[in-house]
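Good morning, everyone, and thank you for making time for this. I would like to walk you through one model, chain by chain, so please keep it open beside you as I speak.

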Amino acid sequence: MSKFISKKDLNAWLAKVRENRRLVAPTKVDDLILFKEISRVEDIVSDYVNTDLSPKEFLFPPTEVLFSIEKKNGGVELTPARVEKETVIFGMRPCDAKGVVALDKPFLEEPTDPLYKEHRDKTALVGISCLKACAECFCSSMGSGPDDPSGFDIMLAEVKDGYLVQVLTEKGKALLPDSTLSESSEAKPKAADVSKVPAEGVNKKLRQNFEDPYWNRLADRCIHCNMCSYVCPTCYCFDIRDYPNKGKTDRVRSWESCQSAGFTKIAGGHDPRANKGTRMRQRFAHKLLYFPEQFGVSHCIGCGRCVKSCPVNIDIREIITDVQKLGAKGE
Amino acid sequence: MSNNKNPLLPHLATLENVIDLTPDVRLFQIELNDADFKAKFDYKPGQFIFVSAFGTGESPFGLTSVAHRKGPIEVAVRKVGTVTSSMHDLEPGASVGVRGPFGNFFPMDQFKGKNIHIIGGGIGFAPLRPVILTILDHRSDYGDLFILNGARSPSDLVFANEFDTWAAAPKTRLELTVDAKDDKWTGRVALIPAVVKELQLSPANSVAIICGPPIMIKFTLTELKKLGFADEQIVTTLEGKMKCGLGKCARCNVGDKYVCKDGPVFTFKQISGLLEQF
Amino acid sequence: MTETEQIRSKAKELLDGKKVDCVIGYERATDGKNARPMFAYNAKDADRLIFDQTCRHNLVRYLLNRKDKPTAIVVKACDSRAVNLLINEHQIARDKVVIIGVVCPGLVKTDWNKTGDKLRDACQICQQRTPVVYDVLIGEPKKPEPAADAYPDVAAMEGKSVEEKRAFWEKEFSRCIRCYACRQACPGCYCGECFVDRLDPLWVGIRIAPGENEMWNTIRAYHLGGRCIGCYACELVCPVNIPLSLLNRKLEKEVMRLFKFQPGLDPETPQPLATFQKDEKLGVAE
C-alpha cells in the first residue's frame, strides 16, 4: 500500500499552496515549456518530458542583488538582500533535483552563501518521476535515474486518476499533511527507459589525456556563447559587479560562463585561457573531473538540455564517449 | 553592520592615507571601522583581501603589510582597470569595504633556518614585502636574505623608500635591476632572469620566492632550475581573476584547485602537479 | 554529383594540394537529422562533409578565428554576403580564403531532432539563391527573384501602436537569458570588447533583467544597421525563440528606403552608415 492523491485533490492542494507562497511549475510560454511562477493551477502543463530551461534560477537567480550600498551621514550603509516569500517548485524531474543536490555543494559548504541558503531553506521541491524519457536523457549514467527521489521533499509518480506520493522530508510533511492523502494498492509505474552513456571512469581518462589536441579540435566549432552554462541545472559560475540604482548602488551577482572569451582575463591584460581549446576543456574538466572529485557527486546530471540547445552541437554524450577512447592507441 | 555571517558583505573601513610608490602604483593604508573586528583581524604573509571601491566594485589585493607590526592594513594598488582606477580617485577619509583575509600563506615556519631568495618584478613585489618584513623583524630565525627587486624602469621600482633599511639589515643583500634606465640610473640594467643567472644563486638550504608577470616567472624559474633549485624549493603566489574569494564562483579554478582557497601561495612542485598551467 | 559529393571532392582537392590548411563546412549532427559546422583538416575529415537543407549555420564567423591561415569555406548565398562585409571592413583577406559557394535551395524549418519540408520563413522570401562571391560554384546559378513583399511581418509591426509594440517586445525580451548566442553566431559581431561587457563607461552591463535585455537586443540591432547581411543566424540560435530578425529586417528596410543599399553585395561599396560624403543629404525627412 502506498500513499495516493487524486488529480482533483492535487490541484486543490496546489491552489491552496499558491495562496501564501510562490508556486513555480512548468507552463507553456509560446513554443517553450518553462518553469514560471503560476497564477492559475490550470496553467500547469502535464504533457512534458522536461522544461527547456532548468529550475536553478529559483535558487540561484540569473541576476540577484547581494546587498545595496548607500552613502549616508558621512559614511556608508550596507543592506543585505533577504528572501521574503516561500516557494514551492512543482513538477521537477529527478535529474533536476539531483542538480540541486550538486548545486548545494559549493554554495552551502563553509563559508555558507547566505542568500542561496535562504532560497534553499524557503523552497520546497515537489517532483514527478519520469515515465517517458527523451532521446537526449541519460540521467541513469550520471548518478541519477527516472525515479530517483534524491533532493525532493515530496515525490509523485503518476498512476491512474492520480499520483502515488512519497513524502521524504519534514518540510514535505509540513507542506502536504498526511490527512490530504489516501491509500492505494496501485503498483509503482514503470520508470522510463533511459539511454546509456559510458561515463564510468571518464574522470580518470580526462586526467590522463588532459593535453590531448582533441579539445582544440572540438573548440573549432564552439562559438563561445554562454548557452550551455545557462541551460545547465548545475553550472554556477557567477560575476559580481556594482550597479547604480536610484541614488544607491547595488552589488549584483549574475550568471557567467567559463566559455566566454575574457572569463579569465585579468586587468592588465593577461589571459591564461585565451585559447578556445583551453576554455572548452575547462568546461568538461570541471563537469566530469574537478567537481566530482572535489564534492563526491556528479556535476552533469544527464538532463540533455545542453545537447538540445547548443547551436553547434557540442554534445557532452559524444564527448564522454570520445574521451573514453582517447589515448587508447597509446601515443 | 555585523556581517560575520555573510562572507560576501564587506566590512566598512576608512582609507587613512595614500602614498605614491610609482607613477601608477599607490600604497593604501586602511583602518577597519569596527573595533571588535579590527582586534580579531589577523593575517599572514601571502594572504589577500578584497577591497571595495563602493559604486564601482571590488578587487583582490595581496596584503603588503604584516599584522604583527599592528599598523594599518596596507595594499599596493596599480591603476590598471576599472576598480583600481576608482580607487586611485579616493582621498584619505574615504569609506572603503574590506573582505578577508583569504587564501593560504607563505609557510614562514618552514623557512626558518634557511637562506631566503626573494625575487619580485614590478607590482609583483608587493605580496613579497610581508615576507621581508617578517624576516627582518625576526632576523635570527632565518639564514641569509637575498632580495632582487626589478621593474620596467627606475621610477617603477616599488618600496624604494625602504631599500636602505633592507640593505642595512644583517646578512642581507639587496639587488635592484631595471629593463630600461633613465638619465639618473647608475645601477644594473638587465632582466630578472639574467640577473639570477649572473649571480649564480645557490640552492643550498634555500628557498626562492618569486612573484611578477607570468613571463618573468617562467624565465626566472628556468634559470633557478638550471642552478639546481628543486621544484619544492621554489614558491610563488599566483594571480587569477577572482570574484568571491570563497571558492564558490569558480572563477579562479586552475585545474582542480582554487587560487583563492588552495592558494594563492603554491610551490612549483604543486603547480606542476596542476593539470592546467597558468 | 550531388552537392555533398561535389563539396567533398573539392575539399579533398584543396587539402591534398595544400592550397588550404582547413575546409570549414558542415557534417551530420548527433541527432542524425540536422547539420553542424565541421572543420576538415585532411581528406579523411573531408569525407564527413555534407550539404543539405539543414545547413543553417553561417560559417563565415569562423574565418575571424583563422586570420592569415589559408582556409576554404562552404557558403550559401546569405553567407557569401557576410564574406563581402568582412572584406569591406578589413577583417579578412580575400586571397587567404577559397570560397566554395553553393546555390542554396533554402533551409527547412528545423529544431533539435526534428526536421521537415517546410522552408524557413526567411528562406521563403529570400531573393538571392546564388552566392555573390565565390571561387567555385556548386549548383546552377539562379536569377535573383522579384522583390515581392519581403517583410510582411515587419509591415504588420509597423501597423501596431506604440503601446502594442512596447508590450510585444517587453514580452519577448523578458525571456532573454543573455547567453549571447546571437552575438557569437553573427559574422558582423566581432568587436574586441562588446559594449555590453564594458564597465567604464557602463553602457548596459551584464545584469540579466528586463531593462538591460531590451537595451542589449535593440542596441545590437542598431550596431548592425546597414551591416546585417540577412542570414538571421541570430534568430536561429536563440534558445528562447525571440524573433530577433524582426529588428534587423526593419532596419534593413529603412536602410534600403533611405540609401538604396543592401549590405554585402560587393566588397567595395562604402557602407552608408559608416561613411560621410561631401554631397550627403543631412536631413532624413527629405
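**Chain B, its sheet and domains, then chains A and C**

In chain B, residues 24 or more positions apart account for 71% of the contacts with a separation of 6 or more, where two residues are in contact if their C-beta atoms, placed from the backbone, lie within 7 Å. Before going further, I should say that this is a predicted model, in which local features need pLDDT of at least 70 and side-chain atom pairs count only at pLDDT 80 or more, while totals for chains, interfaces and linings use all residues. Residues are numbered from 1 along each chain as its sequence is written, and chains are lettered from A and ligands numbered from 1 in the order in which they are written.

Let me stay with chain B, which has eight helices and 15 strands; helices (H or I, at least four residues) and strands (E, at least two) are DSSP runs, numbered from the N terminus. Its C-alpha atoms fill a box of roughly 55 × 45 × 35 Å along the principal axes. Of its 278 residues, 49% are buried, meaning that 20 or more other C-beta atoms, placed from the backbone, lie within 10 Å of the residue's own, whereas 12 or fewer would make it exposed and anything in between partly exposed.

Now to the sheet in chain B, which is open, has seven strands in the order E10-E9-E8-E7-E11-E12-E15, and shows mixed pairing; two strands pair if DSSP finds at least two bridges between them. Strand E10 (188-189) and strand E15 (265-267) of chain B are the edge strands, each pairing on one side only. Strand E12 (residues 234-237) of chain B runs antiparallel to E15(B), and three bridges join them, with Val235(B) standing opposite Thr267(B). Helix H4 (residues 129-137) of chain B packs on this sheet, touching strand E7 (115-121), strand E8 (145-151) and strand E11 (206-211), and its direction makes about 150° with that of E7(B). Such angles run from 0 to 180 degrees between N-to-C directions, with axes being lines fitted to C-alpha atoms, for helices over the stretch in contact.

Where are the domains of chain B? Domain 1 covers 11-102 and domain 2 covers 108-237, bounds that come from an automatic or database domain assignment. Their C-alpha centres lie 24 Å apart, and the contact between them takes 14 residues from domain 1 and 15 residues from domain 2 of chain B.

Turning to chain A, we find an open sheet of eight strands in the order E3-E2-E6-E7-E8-E9-E1-E10, again listed with mixed pairing. Strand E3 (32-37) and strand E10 (182-184) of chain A stand at the edges with a single partner strand each, so one side of each has no neighbour in the sheet. Strand E2 (residues 22-29) of chain A pairs with E3(A) in the antiparallel sense over six bridges, and Val29(A) stands opposite Leu32(A) in E3(A).

Finally, how many residues does each chain give to the contact between chain C and chain A? Chain C gives 25 residues and chain A gives 30 residues. On the side of chain C, strand E2 (35-40) and helix H7 (181-185) are the elements that give two or more residues, and the largest share, four residues, comes from E2(C).
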